[in-house]
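Open the model in your viewer and keep the selection panel at hand. The tour goes from the whole chain down to single residues.

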Amino acid sequence: MGDVMKILKNILFKIIVFIFILIIICTSILLFLGYNYYSNALKENSLSSRVNTIRNDNDFVNFDDLNEDYINAVIATEDHRFYEHGAIDPIAIARAIYINIKHMELQEGGSTITQQVAKNVCFDQSKNAIRKIAEFFAAYDLEKNYNKKEIFELYVNTAYFGNGYYGIKQASEGYYNKEPKELNLSEASMLAGVPNAPSVYAPTKNPDLAEQRQAQVLKRMLEYGYISQEDFDSVINN
């Protein structure tokens with residue numbers, strides 16, 4: 001009996017080692033393919049060149065010309081630890097995995113604002129696992145070469161807001177006939193929620209769904225201390 005147990009333990013150990021080695025090999029291959037995907041994208045146009053093209057657009061809005069409520073709404077909704085982490089947020093990724101497994105569906109992605117900038121600046125909008133890995137490398141380069149304010153600028157100036165509006169300036173002027181700096185809390189929280197699903201949350205497309213999304217944004221702002229309960233109630237009850 002003792003010999004049988006030793007044999008079984010030996011077999012189990014070998015299986016575990018094999019699985020571990022297989023995981024390392026598969027991970028290495030995926031990382032190589034992701035880096036190659038990113039490198040090929042840069043061959044067409046360098047990261048700095050892509051960023052400069054965005055900054056030179058007539059509709060580009062600098063961080064200091066953004067409304068504070070809008071900045072807070074975006075950070076609270078998209079990446080509330082934006083100033084604390086690097087290219088990726090392990091805590092957000094772990095939370096997203098837990099929530100998705102718990103509900104048995106893809107409810108959260110765990111992407112940081114920097115990763116979303118990487119997607120908007122370096123890649124097309126096609127979805128595949130290799131491109132997702134490539135985003136990690138692009139996000140790392142963004143964090144290495146640009147500060148948080150610059151990355152935030154790139155996000156709000158490349159996000160799609162529905163109705164043909166790209167960037168916060170077009171969205172602010174198109175939906176509210178205002179400059180981004182002039183947005184009030186209601187308008188700012190509305191626009192902060194649109195890029196998550198522009199075809200669904202654009203105010204002119206589905207007003208009811210847009211308001212539901214706005215309420216989610218305001219709840220996040222309240223949760224993270226950006227607004228008071230009074231501020232929340234004034235928008236929700238208006």
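Start with contacts across the whole chain. Among contacts with a separation of 6 or more, 62% join residues 24 or more positions apart. Keep in mind that this is a predicted model.

**Whole chain**

Switch to cartoon. You will find twelve helices and zero strands. Read from the N terminus, the order is α-α-α-α-α-α-α-α-α-α-α-α. Now show the C-alpha trace alone. Along its principal axes it spans about 80 × 45 × 30 Å.

**Surface and charge**

Turn on the accessible surface. The protein exposes about 13700 Å². Carbon and sulfur atoms supply 56% of that area. Colour by burial next: of the 238 residues, 41% count as buried. Then pick out the charges, 23 positive and 30 negative. How far apart are their mean positions? The two lie 11 Å apart.

**The nonpolar core**

Hide the surface. In soluble globular proteins, nonpolar side chains tend to be buried together. Here the largest nonpolar core has 52 residues. Select L66, Y70, I113, F152 and F161, the residues with the most contacts inside this core. Then add helix α3, residues 68–78. Helix α3 gives the most to the core, with six residues.

**F161**

Centre on F161. Leave aside its neighbours within four places in sequence. What does F161 contact? Y70 is one of its partners, and so is V156. Further along the chain, select G167, I168, A171 and Y175. L191, V194, P195, P198 and A202 complete the list.

**I75**

Go back to helix α3, where I75 sits. Is I75 buried or exposed? I75 counts as buried because its relative accessibility is 2%, and the cut-off for buried is under 20%. Show what I75 touches, again without residues up to four places away in sequence: H80, F82, Y83, I113, F152 and Y226. Two of these names, I113 and F152, also appear among the core residues with the most contacts. Now draw a distance from I75 to Y226. These residues are 151 apart in sequence. In space they are 10.0 Å apart, C-alpha to C-alpha.

**Helix α2**

Last stop: select residues 47–55, helix α2. Its buried residues are L47, R50, V51 and I54. Look down the axis of α2. The buried residues fall within an arc of 95°, so they line one face of the helix.

Methods. Residues numbered from 1 in each chain as written. Predicted model: local features only at pLDDT ≥ 70, side-chain atom pairs only at ≥ 80, totals over all residues. Heavy atoms only, no water. Helix = DSSP H or I, 4+ residues; strand = E, 2+ residues; numbered from the N terminus. Buried < 20%, exposed > 50% of the residue type's maximum accessible area, 1.4 Å probe, protein only. Contact = heavy atoms within 4.5 Å. Areas by Shrake-Rupley, 256 points an atom, 1.4 Å probe, with all protein chains shown as cover. Lys, Arg positive; Asp, Glu negative; His and termini not counted. Charge placed at Lys NZ, Arg CZ, Asp CG, Glu CD. Core = buried A, V, L, I, M, F, W, Y, C linked by side-chain atoms within 4.5 Å. Arc of directions from axis to C-beta.
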